[in-house]
Amino acid sequence: MEYSIRSGALRSHRWNLVIIDDIMYMAMDQREATLFFQLIHQLNEQSSLILMSNRSPDEWTEVVGNQGMMTAILDRLLLGVEAIHMNNESHRL
């Protein structure tokens with residue numbers, strides 16, 4: 001299922017686990033970065049998150065283009081997390 005922040009689905013449901021694949025794959029404009037920040041802010045304390053990306057968090061500022069916004073997003077994401085870095089080849093078919 002796909003939900004948008006504006007649909008209210010994130011506010012009306014309590015999700016135990018949210019998985020976001022291919023995060024930071026494409027550049028975000030300011031509006032998209034703001035929506036992503038709001039999503040992370042809403043989910044941060046109420047859900048477990050799994051994020052998958054082919055870029056390291058060090059490269060995410062390039063994609064977002066706003067260091068302040070990216071710092072705020074990473075602050076919320078990296079607080080009390082267990083990061084698993086896999087530098088292997090992709091296992092997708």
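Which residues form a nonpolar patch on the surface? In this predicted model, the patch is made up of Leu17, Ile19, Ile50 and Met52, which together have about 340 Å² of accessible area.

Leu17 belongs to strand E1, which covers residues 17-20. The relative accessible area of Leu17 is 45%, and Leu17 therefore counts as partly exposed, since that class lies between the 20% limit for buried and the 50% limit for exposed residues. The value is also over the 30% required of a patch member.

Asn16 sits in the loop between helix H1 (9-12) and E1. With a relative accessible area of 63%, Asn16 is exposed, because the class begins over 50%. Asn16 also has a partner that is distant in sequence: Ser48 is 32 residues away along the chain, yet the two C-alpha atoms are 6.0 Å apart in space.

The description now turns to the largest pocket. Its space amounts to about 1200 Å³. The lining comprises 34 residues, and those nearest the centre of the pocket are Leu51, Met52, Ser53, Ile84 and His85. Met52 thus appears in two settings, as one of the residues of the nonpolar surface patch and as one of the residues nearest the centre of the largest pocket.

Among the elements that contribute to this lining are strand E2 (48-51) and helix H4 (67-78), each with at least two residues. Sorted by class, the lining of the largest pocket holds 15 nonpolar residues, twelve polar ones and seven charged ones.

Conventions
Residues are numbered from 1 along each chain as its sequence is written. This is a predicted model: local features need pLDDT of at least 70, side-chain atom pairs count only at pLDDT 80 or more; totals for chains, interfaces and linings use all residues. Side-chain values use heavy atoms; hydrogens and water are left out. On a 1 Å grid over the protein atoms alone, a cavity is a set of points where a 1.4 Å probe fits but cannot get out, and a pocket is an open set with protein on both sides within 12 Å along at least five of seven lines; lining residues have an atom within 4 Å of a point. Grid points are joined across faces, edges and corners, and a volume is the space filled by probe spheres set on the points. Helices (H or I, at least four residues) and strands (E, at least two) are DSSP runs, numbered from the N terminus. Ala, Val, Leu, Ile, Met, Phe, Trp, Tyr, Cys and Pro count as nonpolar, Asp, Glu, Lys and Arg as charged, and the others, Gly among them, as polar. Patches are made of residues with over 30% relative accessible area and no salt bridge: like charges are joined within 9 Å, nonpolar side chains (Val, Leu, Ile, Met, Phe, Trp, Tyr) within 5 Å. Accessible areas come from the Shrake-Rupley method with a 1.4 Å probe; for residues, only the protein chains shown count as cover. A salt bridge is a side-chain nitrogen of Lys or Arg within 4 Å of a carboxyl oxygen of Asp or Glu. Buried means under 20% relative accessible area, exposed over 50%, partly exposed in between (1.4 Å probe, protein chains only).
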